[in-house]
Amino acid sequence: MNEVPWYAIYTKHQHEKSAAKSLTNRGLETFVPLYRQVHRWKDRNKILLSPLFPCYVFVRTDLGRKTDILRTPGVCWLVGSGGYASQIPPQDVEALRTAANGSTRVEPYPFLQTGDRVRVHSGLLAGVEGILIRLRNQYRLVLSVQLLKQSAAVEVDLGSVERISSESAAERTLAAALPKRQRSFGKEVN
């Protein structure tokens, strides 16, 4: 059974929620990861739910509805390359959904390509993979969506994660790009 793929939509500034609502009303499954943000004014503080990835909405669809999607108010284009929309790996969307819907704190984070990949083995985020970082005295799991060059960080307990690989993302990318004979970084592999 083939699952319907996820795509990312680029929207006009501050149109993520309204575009997602319009697409949902048209029968499409959408996802806009949100996080809590405190806005401070002179006389008060207010907690707002802001998009984790500004100007992006995830939509699950086949591309037969592309015209319908692009005619939605606030939608600019489907994210991709070479004029074709690119699929988002479903595990990336599910990892973001798990983090955004959990009771843990999630926030935007600069996109990373290097670092130790880890998998959470217990708790609400069990099975989620990302890059482990330390910020002040807290450990966080950075979740990345390669196509969008966007990341988010969620707090994790150091005891609940296990290393997947000591190889950096840059080394994995280089290894995948090299012919099989050169994948051991100069050593010939038979």
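Guide: Two strands pair if DSSP finds at least two bridges between them. Keep that in mind as we walk through this model, which is a predicted one.

Visitor: How do you know that β3 and β4 pair?
Guide: They are joined by 7 bridges, and the rule asks for at least two, so the two strands count as a pair. They run antiparallel, and a hairpin links β3 to β4 through 4 residues. To pick out one bridge, Q37 has L48 in β4 as its partner.

Visitor: Why is V38 called partly exposed?
Guide: V38 sits in strand β3. Its relative accessible area is 43%. Buried would need a value under 20% and exposed one over 50%, so V38 falls in between.

Visitor: What does V38 touch, leaving out residues up to four places away in sequence?
Guide: N45, K46 and I47. Each of them has heavy atoms within 4.5 Å of V38, because that is what a contact means here. You can also check V38 against L48: they are 10 residues apart in sequence, and their C-alpha atoms are 6.3 Å apart in space.

Visitor: On to the second largest pocket. Which elements supply at least two residues each of its lining?
Guide: α1 (16–25), β3 (34–40) and β4 (45–51) do. β4 gives the most, with 4 residues. The pocket has a volume of about 280 Å³.

Visitor: What makes H13 a lining residue of the second largest pocket?
Guide: A lining residue has an atom within 4 Å of a pocket point, so H13 qualifies by having one. Others in that lining include Q14, E16, K17, Q37 and H39.

Visitor: How many residues of that lining count as charged?
Guide: There are 2, next to 4 nonpolar and 5 polar ones. E16 and K17 line the pocket, and they go in the charged group because Glu and Lys are both on the charged list. L48, L49, P51 and P54 are in the lining too, and they count as nonpolar because Leu and Pro are on that list.

Visitor: Why is S86 called buried?
Guide: Its relative accessible area is 18%. The cut-off for buried is under 20%, so S86 makes it. You'll find S86 in the loop between β8 (84–85) and β9 (87–88). Beyond its neighbours within four places in sequence, S86 is in contact with W6, Y7, V79, G80, S81 and L147.

Visitor: How do you know that V128 is buried?
Guide: V128 has 7% relative accessibility, and that is under 20%, so the label fits. This residue is in the loop between β11 and β12 (129–135). Its contacts, with neighbours within four places left aside, include A95, T98, L141 and L143. The C-alpha atoms of V128 and A95 are separated by 5.6 Å, although the two residues are 33 apart along the chain.

Visitor: What makes phi of C55 worth a look?
Guide: Most residues other than glycine have a negative phi. Phi of C55 is near 75°, a positive value. C55 is in the loop between β4 and β5. With a relative accessible area of 10%, C55 is below the 20% cut-off, so it counts as buried.

Visitor: And K149: buried or partly exposed?
Guide: Partly exposed: its relative accessible area is 48%, so K149 is not under 20% and not over 50%. K149 lies in the loop between β13 and β14, and its phi is positive too, near 55°.

Visitor: Which residues have the most contacts inside the largest nonpolar core?
Guide: F53, F58, L96, L141, L143 and L148, in a core of 28 residues. Elements supplying at least two residues each include β1 (6–11), β5 (56–60) and β13 (138–145), while α3 gives the most, with 5. Take F53: leaving out residues up to four places away in sequence, it touches F58, L96 and L148, among others. There is also a second, separate core of 13 residues, which includes A19, A20, L28 and V57.

Visitor: How many helices and strands does the chain have?
Guide: It comes to 4 helices and 15 strands. Of its 190 residues, 36% are buried.

Definitions and conventions: Residues are numbered from 1 along each chain as its sequence is written. This is a predicted model: local features need pLDDT of at least 70, side-chain atom pairs count only at pLDDT 80 or more; totals for chains, interfaces and linings use all residues. Side-chain values use heavy atoms; hydrogens and water are left out. On a 1 Å grid over the protein atoms alone, a cavity is a set of points where a 1.4 Å probe fits but cannot get out, and a pocket is an open set with protein on both sides within 12 Å along at least five of seven lines; lining residues have an atom within 4 Å of a point. Grid points are joined across faces, edges and corners, and a volume is the space filled by probe spheres set on the points. Buried means under 20% relative accessible area, exposed over 50%, partly exposed in between (1.4 Å probe, protein chains only). A nonpolar core is a set of buried Ala, Val, Leu, Ile, Met, Phe, Trp, Tyr and Cys residues joined through side-chain atoms within 4.5 Å.
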